[in-house]
Amino acid sequence: MDSAAPSAEPPRDSAALAAFAALVLLPLVLLAVVGGWSASGVATADPAPAAADGPLPDLPASPEDTVVGTELAAGDAQARNAAVAFAAIGPGAPLPFGFAGNAADRLRARDCLALAGMAEAGGADGDQRAVMQVILNRVSHPAFASTVCGVVFEGSQRPTGCQFSFTCDGSLARRYSDPAWRAARARAEEMLGGATHAPVGNATHFHADYVYPWWSDRLDKVAKVGPHIFFRWRGFWGSRQALSARYAGGEPDPLRLRDTALATAAANPLPGLLGSGEAVRSITRDSVARAAGEPPRAAASSGQPGPGAGVHFVLVSPGDSPAALVERARSVCAGGGYCRVQGWSDPAQVPASLPLSDAARRSLRFSFAAANANGGEAIFFDCRLFSAPDIGTCLPAIP
């Protein structure tokens, strides 16, 4: 899971917080919890821990390590996970979280916690609380970021560093319903107010059993329900006593964290998720069909996968109206969230993946980035193809 906490930003107004709360994500259902109990059915308590085993950077599954990805097929990963026994130490008894921030910190922490609960665990009460408990355990652990939003988005600013897969697989561009937000926020408020979720105890890591991260057998496996498995570090750093960091507020702006995460995901799509080669080829085939004489389409439909999270590669032609291209791009991006439409005039020049090569940048004819909370639209045309666009500006020349 991830790296240093992003720096705190000054609070946004209520409208901006409401905009963040309106985001809804594709539920990945990566999480559920039960187990981690002793044979007698009583939750196990931590024994007295030994002294710290070594510096934090040497720990397996440190904040620099991503949880996403496995080279094993799902069935092989499940078999290998099943072969790892539960640790006798169990999950331990969780500590109530001590919130000490201001009102803006509370709103930001609540929404980041609710967002992660929905994205990682779906809508079930216990499943969301399990995710929230892991996040709050991390906030209290010196190995992770010191804020709730910092933990949730930790590593998402790096191409392969996200700690929670929903921050780097394109799910941030999706939406949840208002009732889902209300329920998740209520749970988040309770957890921030001191409620705990015993089944996961002091766990600081988890993954689904259909993946097998390299660190999976280097941590103590302490809880499982369905396909979801929870872990603690071994020795002192996995003990309750290690959860010693005091929360002091200073929550970073979740809107900025989200925008950075979406931009990083768009430029560096994860293999096997949105942005796969097959998704790119399907859009390219549609564009080639257009060049063969079918009705023009300035962009893929909003429900169609693209070359990356919130990115659409399309074919344009000199006969297209710049204003019409922009309107069609806006319709593709109408759902909100990070969205970019980029077009080429030659089907052979449409790239197969992100990031764009120098050749793809030189042959780019149209680029549209949707407005977001941090700024307006960005509209560019290659003025060699569109000599006098009535909207946007000319793309800069690339040598």
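How many helices and how many strands does the secondary structure of the protein chain come to? I looked this up before anything else, and I noted 10 helices and eight strands. I keep in mind throughout that this is a predicted model.

**Entry 1: the chain as a whole**

I then turned to the totals for the protein chain, which has 399 residues, and I found that 51% of them are buried. The chain exposes about 16100 Å², and I noted that carbon and sulfur atoms supply 57% of that area. I also looked at contacts between residues at least 6 apart in sequence, and 78% of these join residues that are at least 24 apart.

**Entry 2: the nonpolar cores**

Which residues have the most contacts inside the largest nonpolar core? I wrote down Leu113, Ile135, Val148, Phe153, Phe166 and Phe230, in a core that has 55 residues. Several elements each supply at least two residues of this core, among them helix H4 (125–139), helix H6 (178–192), strand E2 (220–225) and strand E3 (228–232). Helix H3 gives the most to this core, with nine residues. I then found another core lying apart from this one, with 15 residues that include Leu325, Val326, Cys339 and Phe381. As a general reminder to myself, nonpolar side chains tend to be buried together in soluble globular proteins.

I picked isoleucine 135 for a second look, leaving out residues up to four places away in sequence, and its contacts are Leu113, Ala116, Val148, Val151, Val152 and Phe164.

**Entry 3: strands E1 and E3**

Why can I call E3 largely enclosed by the rest of the structure? I counted five of its five residues as buried, and therefore the description holds. Looking at the two faces of E3, I found His228, Phe230 and Arg232 on one side and Ile229 and Phe231 on the other, all of them buried. Strand E1 (residues 205–208) also has both faces covered, with His205 and His207 buried on one side and Phe206 and Ala208 buried on the other.

E1 and E3 run antiparallel and are joined by four bridges. Following these bridges residue by residue, I saw that histidine 207 stands opposite isoleucine 229, while alanine 208 has histidine 228 as its bridge partner.

Is aspartate 209 buried or exposed? This residue, which I located in the loop between E1 and E2, has a relative accessible area of 10%, so aspartate 209 is buried, given that the cut-off for this word is under 20%. I also looked up its separation from alanine 79, which is 130 residues away along the chain, and the C-alpha atoms of the two are separated by 8.6 Å.

**Entry 4: the five-stranded sheet**

In what order do the five strands of the open sheet come? I read the order as E4-E5-E6-E7-E8, with mixed pairing. Strand E4 (311–315) and E8 are the edge strands, and each of them pairs on one side only.

I went through the pairings of E7 one by one. With E6, the sense is antiparallel and there are four bridges, in which phenylalanine 368 has isoleucine 379 as its partner and alanine 369 has alanine 378. With strand E8 (residues 393–394), E7 runs parallel and is joined by two bridges, and here phenylalanine 380 is partnered by threonine 393. The side chains of E7 alternate along the strand, since Ile379 and Phe381 point to one face and are buried, while Ala378 and Phe380 point to the other and are not.

I then looked for what lies across these strands, and I found helix H9 (residues 322–332) across E4, strand E5 (340–344), E6 and E7, running at about 40° to E6.

**Entry 5: arginine 365**

Where is arginine 365 placed? I found it in the loop between helix H10 (358–362) and strand E6 (366–369). Its relative accessibility is 16%, and because the cut-off is under 20%, arginine 365 counts as buried.

Leaving out residues up to four places away in sequence, I listed the contacts of arginine 365, which include Val316, Trp344, Phe381, Asp382 and Leu385. A polar contact of 2.6 Å joins the side chains of arginine 365 and aspartate 382. Leucine 385 is 20 residues from arginine 365 in sequence, and the distance from C-alpha to C-alpha is 7.2 Å.

Conventions. Residues numbered from 1 in each chain as written. Predicted model: local features only at pLDDT ≥ 70, side-chain atom pairs only at ≥ 80, totals over all residues. Heavy atoms only, no water. Core = buried A, V, L, I, M, F, W, Y, C linked by side-chain atoms within 4.5 Å. Buried < 20%, exposed > 50% of the residue type's maximum accessible area, 1.4 Å probe, protein only. Contact = heavy atoms within 4.5 Å. Polar contact = N/O pair within 3.5 Å; in protein donor to acceptor, adjacent residues only side chain to side chain. Pairing = 2+ DSSP bridges. Areas by Shrake-Rupley, 256 points an atom, 1.4 Å probe, with all protein chains shown as cover. Axes fitted to C-alpha atoms, helices over the stretch in contact; angles between N-to-C directions.
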